[in-house]
Amino acid sequence: MASLQEFILSLKEKVQQRSNDIDELLTNFQISLEDCKKYAFVKDSKGCSRNLIFDEPEVCRLTLSVWKPGFQNKIHDHGQSNCYFKVILGLLEETHFRDGRHIADSVYKEGQVCQMTDTGACHQMKNKHHAHSVSLHVYIPPFDRCNTYDEAGGAAIPVTPSFISRYGFAVDRESRRLFDV
Ligand SMILES: [Fe+2]
């Protein structure tokens, strides 16, 4: 199993080379749940918790999301950022929109990779697993603001997504680890 550190090194290399093969890199790297556990924090008030693993400002960012069973987030974009994610544990459904129109529904199992790199794209995610799901996300470049939408093609509502842990440390007392490490 490759460690997350090895993955981050390869990711930085790919980004430097301006390679578009990030989905291939994520697919080929066998990243274990064990590797991710120390970053997997949850918070009672969050259906989906975002955890920062690695950040190179204006270049790329690696995060871990932990999804409560059945949780569905709002339709959202990622600003100008390209996004790639891999399911580490569980099952996630992605509903993909482009220019306000529904394009596709896809279900991603453990080990599968999804990307959202098309212009005008938005999506909505749902945890289809009976327990928590865990997913690893790459953003190129990182973004700190994006938009949510109450309905496809509706008005953009600016949001500033936050992290409940950074680099394996909780940001406040409400954040707790999902797994023993
Ligand atoms: Fe997203």
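In this model, T148 stands opposite I157 in β12, a pairing that belongs to the antiparallel match of β11 with strand β12 (residues 157–159) over three bridges. The structure is a predicted model, in which local features need pLDDT of at least 70, side-chain atom pairs count only at pLDDT 80 or more, and totals for chains, interfaces and linings use all residues. Residues are numbered from 1 along each chain as its sequence is written. Helices (H or I, at least four residues) and strands (E, at least two) are DSSP runs numbered from the N terminus, and two strands are said to pair if DSSP finds at least two bridges between them.

On its other pairing, β11 meets β4: two bridges join these strands, which run antiparallel. Here T148 appears again, as the bridge partner of H76. H76 itself is found in strand β4 (residues 75–76). Contacts, meaning C-beta atoms (placed from the backbone) within 7 Å of each other, link H76 to C122, C146, N147 and T148 when residues up to four places away in sequence are not counted.

H76 is also of interest for its annotation. An unreviewed UniProt entry lists H76, H78 and H123 under "binding site". Although these residues are spread over 48 residues of sequence, they cluster in space, with a largest C-alpha distance of 9.1 Å. UniProt positions are given in the numbering used here, with feature names shortened, and such annotations may be inferred rather than shown by experiment.

How buried or exposed are H76 and H123? The classes rest on the number of other C-beta atoms, placed from the backbone, within 10 Å of a residue's own: 20 or more for buried, 12 or fewer for exposed, and partly exposed in between. H76 counts as partly exposed because it has 19 C-beta neighbours inside 10 Å, whereas H123 is buried, with 20 other C-beta atoms within 10 Å. H123 is found in strand β9 (residues 121–127). Leaving aside neighbours within four places in sequence, H123 is in contact with E94, T95, H96, F97 and M116.

We turn next to the open sheet. Seven strands form it in the order β8-β5-β10-β3-β2-β13-β14, with mixed pairing. Because β8 (113–116) and β14 (169–170) stand at the edges with a single partner strand each, one side of each is left without a neighbour in the sheet. Strands of a sheet pair through backbone hydrogen bonds, either parallel or antiparallel.

Strand β10 (residues 133–140) is mostly covered, with six of its eight residues buried. Strand β3 (residues 60–67) pairs with β10 in the antiparallel sense over seven bridges; R61 stands opposite Y139, and S65 stands opposite S135. Strand β5 (residues 82–89) also pairs with β10 in the antiparallel sense over seven bridges, and C83 has Y139 as its bridge partner there. Y139 in β10 is thus flanked by R61 and by C83. Beyond this strand, a cis peptide bond joins I140 and P141, with omega about -10 degrees; P141 is found in the loop between β10 and β11 (146–149).

Helix α1 (residues 4–16) lies across β2, β3 and β10, running at about 135 degrees to β3; axes are lines fitted to C-alpha atoms, for helices over the stretch in contact, and angles run from 0 to 180 degrees between N-to-C directions.

A nonpolar core is taken as a set of buried Ala, Val, Leu, Ile, Met, Phe, Trp, Tyr and Cys residues joined through C-beta atoms within 7 Å. The largest has 34 residues, and those with the most contacts inside it are C36, A40, L64, Y84, V134 and V138. Two or more residues each are given to this core by α1, α2 (22–28), β1 (41–42), β2, β3, β5, β8 and β10, and the largest share, six residues, comes from β5. L64 is in contact with C36, Y39, A40, N51, I53, V134 and L136, leaving aside neighbours within four places in sequence.

Two loop residues complete the description. E58, in the loop between β2 (48–56) and β3, has a positive phi near 65 degrees although it is not glycine. E58 is exposed, with 8 other C-beta atoms within 10 Å. D99 also has a positive phi, of about 50 degrees, without being a glycine. D99 is found in the loop between β6 (91–98) and β7 (101–109) and is exposed, with 12 other C-beta atoms within 10 Å.

Conventions
Two residues are in contact if their C-beta atoms, placed from the backbone, lie within 7 Å.
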